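Welcome! Open your viewer, switch to a cartoon display, and follow the stops below one by one.

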Amino acid sequence: MFESFIHKLRHGTYITLETTPSRSAQFAPTIEKIAALGLDKLVDGFSTTDNPLAKLKYNALFAAVKLQERFGKPTLATMSMRDRNRIALQSDLLGANEANVRAILALTGDSAHNSDQPHAKGVFEGNSKLLLDIIATLNNGTDLAEQKLLAPVQEIFPFAVIDAYAKSSATLQKKMSKKVAHGAIAIVSQPVYDLENAKKLLEMMENANSENNAECVLVLGYFPITKLRTARFLDENVPGIFVPSEWVEALEAASLISPEEEYRVGFELSKNLFEELKALHPKIHIMTANQFELAKAILS
């Protein structure tokens, strides 16, 4: 399953869909919604998020197991450095490995200050590069203390993330190169809203690979926008994302007409962007904040 998944990543069209578990002891409703829409037939795999914004959700690794069991398609499970020290990270990776969760998206994680549980404390024993190092060590048959594993892991495939936009291209390039140097086989960007921005990221990826004699793959993040407030929030409050003024202006004009027109304009902009990105570089990670009907409409 994972070998064909990675082959698609490197050599073919590769489309994944993000799922965000809820604050619930059941992940089944999310799975059944995906199944009812037939989304599993339109993507190459899924991803699960790990308590984004430090807010309690169903566990990403268990969610990945459930998705794989239901659909027989690989899932990229997110793990953040916020909630675990190196012992817990290694332990979780070993357990997940036997359950065939083998693609891991390494994140530093959102600050615990954002949590909806005010007394939560972040661990942050290291950033995402430490997690990439942990995966490399386990793949080599030892733990971080250089003790040999009694039973080796099935190969773990490490992914990382990068901002889609930065005022300093040099800084963004440096961050990308470091993640490649620490063994990431693919880097998923924050959502991209401009074709030239996507081309710039691809150029940076080429430079990072050249510097490290690597073959890391860039996966373009994609988040469709159908509301003016979403466009403004992403552009003004989320570091690493740039929403063109043309999008904001078009959505603003449409919002003055009706909510239906606002959605229509946003969907048209988003759908056109998806097709352009797919033509440029068919490696795309779709994020819709569990608006799976919207994902279905974009992919249909």
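In which sense do β3 and β4 pair, and over how many bridges? Select both strands: β3 and β4 pair in the parallel sense, over five bridges. Keep in mind as you look around that this is a predicted model.

**Stop 1: around β3**

Stay with this pair and pick out Leu-76, which stands opposite Ala-103 in β4. To follow the chain from β3 to β4, trace it through helix α4 (residues 86-98); this β-α-β crossover is right-handed.

Now turn to β2. Three bridges join β2 to β3, and these strands also run parallel. Select Phe-46 and you will find it opposite Thr-75 in β3. Here too there is a helix to add: β2, helix α3 (residues 60-71) and β3 make a right-handed β-α-β unit.

Is β3 mostly covered or mostly open? It is mostly covered, as six of its six residues are buried. Colour Thr-75, Ala-77 and Met-79 to see one side, then Leu-76, Thr-78 and Ser-80 to see the other; both faces are covered.

**Stop 2: the whole barrel**

Zoom out and show every strand. You are looking at a closed barrel of eight strands, running β1-β2-β3-β4-β5-β6-β7-β8 with parallel pairing. Neighbouring strands of this sheet are turned by 30° against each other on average, ignoring direction.

Next, add helix α1 (residues 2-11), which packs on the sheet. Among the strands touched by α1 are β1 (14-19), β5 (157-162) and β8, and the direction of α1 makes about 40° with that of β5. Then add helix α7 (residues 195-212), which packs on the sheet too, touching β6 and β7. The direction of α7 makes about 155° with that of β7.

Look also at strand β7 (residues 217-222) beside strand β8 (residues 283-286): three bridges join these parallel strands. Leu-220 stands opposite Ile-284 in β8.

**Stop 3: Ser-189**

Select Ser-189, which is found in strand β6 (residues 186-191). This serine has a relative accessible area of 2%, and because that is under the 20% cut-off, Ser-189 counts as buried. Show its side chain: it reaches the backbone nitrogen of Gly-221 at 2.9 Å. Beyond its close neighbours in sequence, up to four places away, Ser-189 touches residues including Ile-162, Leu-201, Leu-220 and Met-287.

**Stop 4: helix α5**

Jump to helix α5 (residues 128-139). Its twelve residues reach 17 Å from first C-alpha to last, close to the 16 Å expected at 1.5 Å a residue. At the N-terminal end, Asn-127 caps α5, with a side-chain oxygen 3.0 Å from the backbone nitrogen of Lys-129. After α5 comes Gly-141, whose phi is positive, near 95°.

How many of the twelve residues of α5 are buried? Nine are, so this helix is mostly covered. Among the buried ones are Leu-130, Ile-134 and Leu-138. The buried residues of α5 pack against β3, α4, β4, β5 and α6 (169-181).

**Last stop: Ile-225**

Finish in the loop between β7 and α8 (228-237), where Ile-225 is found. Ile-225 is buried, with a relative accessible area of 0%. Leaving aside neighbours within four places in sequence, Ile-225 is in contact with residues including Tyr-193, Leu-234, Trp-247 and Phe-267. For a sense of distance, select Ala-184 as well: Ile-225 and Ala-184 are 41 residues apart in sequence and 29 Å apart in space, C-alpha to C-alpha.

Definitions and conventions:
Residues numbered from 1 in each chain as written. Predicted model: local features only at pLDDT ≥ 70, side-chain atom pairs only at ≥ 80, totals over all residues. Heavy atoms only, no water. Helix = DSSP H or I, 4+ residues; strand = E, 2+ residues; numbered from the N terminus. Buried < 20%, exposed > 50% of the residue type's maximum accessible area, 1.4 Å probe, protein only. Polar contact = N/O pair within 3.5 Å; in protein donor to acceptor, adjacent residues only side chain to side chain. Contact = heavy atoms within 4.5 Å. Pairing = 2+ DSSP bridges. Axes fitted to C-alpha atoms, helices over the stretch in contact; angles between N-to-C directions. Right-handed = clockwise from strand over helix to strand, strands pointing away. Expected span 1.5 Å × (residues − 1).
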